[in-house]
Amino acid sequence: MKELTDNFLNAAQTFGVQYGDIRVIERAHEGIAVKNGKVEELQRDSDSGFGVRVLHKGCWGFASSRELSANEVARITKLAVEIAEASATLKKEDVRLVDEPAHKETWATPVQEDPFAVSIEDKLKLLLAANEEMRKVEGITNATSSADCFREHQWFANTEGSDIEQTIIEAGGGIEAVAVRGNEFQRRSYPNSFRGQYHTAGFEVVRSYDLVGNAQRIATEAVQLLDADECPSTTTTLVLDGPQLALQVHESIGHPIELDRVLGSEAAYAGMSFVTLEKKGSFKYGSDIMHVTADATLPGGLGSFGFDDDGVQAQRVDIIKDGVFLDYLTNRETAHIVGNSRSNGTNRADGWNRIPIIRMTNINLEPGEGSFDDLIADTKDGVYMSTNRSWSIDDRRVNFQFGTEIAWEIVNGKLGRMLKNPNYTGITPRFWGSLDRICGPEEWVIWGTPNCGKGQPSQTAHVAHGVAPSRFRNVQIGIRG
Ligand SMILES: [Zn+2]
């Protein structure tokens, strides 16, 4: 691969570009799913190619190919230069990149058990066992268990001297039980909805979820939901579990702080943001206990890596401190617009044939104090909601509505009745302003989101959110439609 990246650097020098980089990428994915005791999905796919980006005459040119050869690298580099030249005739202003030191490094996800080396038989054994446990529960209509793993091996080089080899390995899995009676459909998932929980790690994380040990509980809850009382419509204290809070962070903090969205370049597809430029450094995003970080250096998060696709080293930065909004997610091209001298390292592409754009890393609500039991004991009355089932939020990320799979009432510091079809609504800064207690580090988990969509053409990013169960006051709750 070194030969290909050298070919690119030579070609870029010949054309006299201002800046250029190449990413050569090999990717692999394996997905397995078992439904009602039968193997429903067993797929293995892989893909390789390279993409080159040049900054020439003040404009970007990007081109890519799946053919890994010296001639093709030369041809694609020329094409990228021609695209930049064509764009230059229409440009409003020159693209400017903030500085980044040159990095010559090799980085890899720490892995105990390579997920691609674990046999399909081993994985099926685990998934079938979890499936069987769910199906022991009377009233279950469908039981699904699944596991996925991903590997991305990337060689990055740029004209400023960076030369980075990076391997990212991800693994995850989950179970889901569905109970149907007439028109009513109830679902419970574990550890999270939409194919489970994910980490940058080996298969050891999937084993650590104890899918088999949780299967009967999850299935029983799905059946019990059919006869549970509806969630009341009222204004009350709301406690959110980790998976739901992770999605709340994703939609109402992660997306609105993406600087490209703030600047309007994502307006046509993914939307805008209410966190307009004058808000940096002063806007009260939420209550005083709210501390949000963007941290790509955390071990195990789906947003963890060594370097982004600008060749910028992974960083941990404060996004919100004491409830005050401090910084956006930036890349080398946009950081200077908000007065930053360095990118905070969030430019990532979905594979070799896409340009990198600003993506969340691990966007975390930092922990507070105490256990989940302490939090419930400290709550006189309210509702505890768990595991996302539906969501909607407007283009500027202000008005939102979330439904969860299940809820329990909280009465005098104890969990009471199970409640079905729970839903809550809010307005982003007001909702975060009502945050008054966050559980401690012992309850803090990094929840992986492997399906974040953005960009044109569409790109899927793997991101994550470290959170602990938290409490919000005076929230409008009701019945999910
Ligand atoms: Zn998203």
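**Stop 1: two helices that pack**

Start by selecting helix H1, residues 2-15, together with helix H2, residues 70-88: in this predicted model, the two pack at an angle of about 40°, with their axes 9 Å apart. Those two values belong together, because two packed helices are described by the angle between their axes and the distance between the axes. Turn the view until one helix sits in front of the other, and you're looking at a right-handed crossing of H1 and H2.

Now show the side chains. Which residues of H1 and H2 make the contact? From H1, pick Leu 4, Asn 7, Phe 8, Ala 11, Ala 12 and Phe 15. From H2, pick Ala 70, Val 73, Thr 77, Lys 78 and Val 81. Colour them by type and you get 8 nonpolar, 2 polar and 1 charged.

**Stop 2: zoom out**

Show the whole chain as a cartoon. How many helices and strands does the chain have? There are 9 helices and 24 strands. The radius of gyration is 24 Å, close to the 23 Å that the globule rule gives for 481 residues, so the chain is as compact as a globular protein of that length. If you drew a box around the C-alpha atoms along the principal axes, the box would be roughly 70 × 55 × 35 Å.

Of the 481 residues, 60% count as buried. Take the contacts between residues at least 6 apart in sequence, and 75% of those join residues at least 24 apart. Keep that in mind for the next stop.

**Stop 3: Arg 471**

Select Arg 471, in strand E24, which covers residues 470-479. Is Arg 471 buried or exposed? Its relative accessible area is 4%, and buried means under 20%, so Arg 471 is buried.

Next, look at what the side chain of Arg 471 does. One polar contact, 3.0 Å, goes to the side chain of Asp 378. Another, also listed at 3.0 Å, joins the side chains of Arg 471 and Thr 379. Leaving out residues up to four places away in sequence, Arg 471 touches several others too, including Thr 237, Leu 238, Val 239, Leu 375, Ser 434 and Asp 436.

For a distance to try in the viewer, pick the C-alpha atoms of Arg 471 and Val 383: they are 88 residues apart in sequence and 9.7 Å apart in space.

**Stop 4: Ser 304**

Jump to Ser 304, in the loop between strand E11 (292-295) and strand E12 (316-321). This loop residue has 4% relative accessibility, so Ser 304 counts as buried.

What does the side chain of Ser 304 reach at 3.0 Å? Look for the backbone oxygen of Gly 301. The side chain of Ser 304 also makes a polar contact of 2.9 Å with the side chain of Asn 362. To fill in the surroundings, select the residues that Ser 304 touches, not counting those up to four places away in sequence: among them are Trp 107, Ile 168, Thr 200, Ala 296 and Leu 298.

**Stop 5: two cis peptide bonds**

Go to Tyr 190 and Pro 191 and show the backbone as sticks. The peptide bond from Tyr 190 to Pro 191 is cis, with omega near -10°. Pro 191 sits in the loop between strand E7 (184-190) and strand E8 (197-200).

Then move along to Gln 456 and Pro 457, where the peptide bond is cis with omega near -5°. Pro 457 is in the loop between strand E22 (445-454) and strand E23 (459-467).

While you're here, select Tyr 269. This residue belongs to the loop between helix H7 (259-262) and E11, yet Tyr 269 is in contact with Lys 454, Gly 455, Gln 456 and Ser 458. At 43% relative accessibility, Tyr 269 counts as partly exposed. Now pick the C-alpha atoms of Tyr 269 and Asn 183: they are 86 residues apart along the chain, and 34 Å separates them.

**Stop 6: two positive phi angles**

Last, two backbone oddities to find. Select Asn 36, whose phi is near 50°, a positive value in a residue other than glycine. Asn 36 lies in the loop between strand E1 (19-35) and strand E2 (38-56), and is partly exposed at 25%.

Finish on Arg 397, where phi is near 70°, also positive in a residue other than glycine. Arg 397 is in the loop between strand E17 (381-393) and strand E18 (399-411). With a relative accessible area of 9%, Arg 397 is buried.

Terms used:
Residues numbered from 1 in each chain as written. Predicted model: local features only at pLDDT ≥ 70, side-chain atom pairs only at ≥ 80, totals over all residues. Heavy atoms only, no water. Helix = DSSP H or I, 4+ residues; strand = E, 2+ residues; numbered from the N terminus. Buried < 20%, exposed > 50% of the residue type's maximum accessible area, 1.4 Å probe, protein only. Contact = heavy atoms within 4.5 Å. Polar contact = N/O pair within 3.5 Å; in protein donor to acceptor, adjacent residues only side chain to side chain. Axes fitted to C-alpha atoms, helices over the stretch in contact; angles between N-to-C directions. Left-handed = near helix turned anticlockwise from the far one by under 90°. Nonpolar A, V, L, I, M, F, W, Y, C, P; charged D, E, K, R; others polar. Rg over C-alpha atoms; globule rule 2.2 N^0.38 Å.
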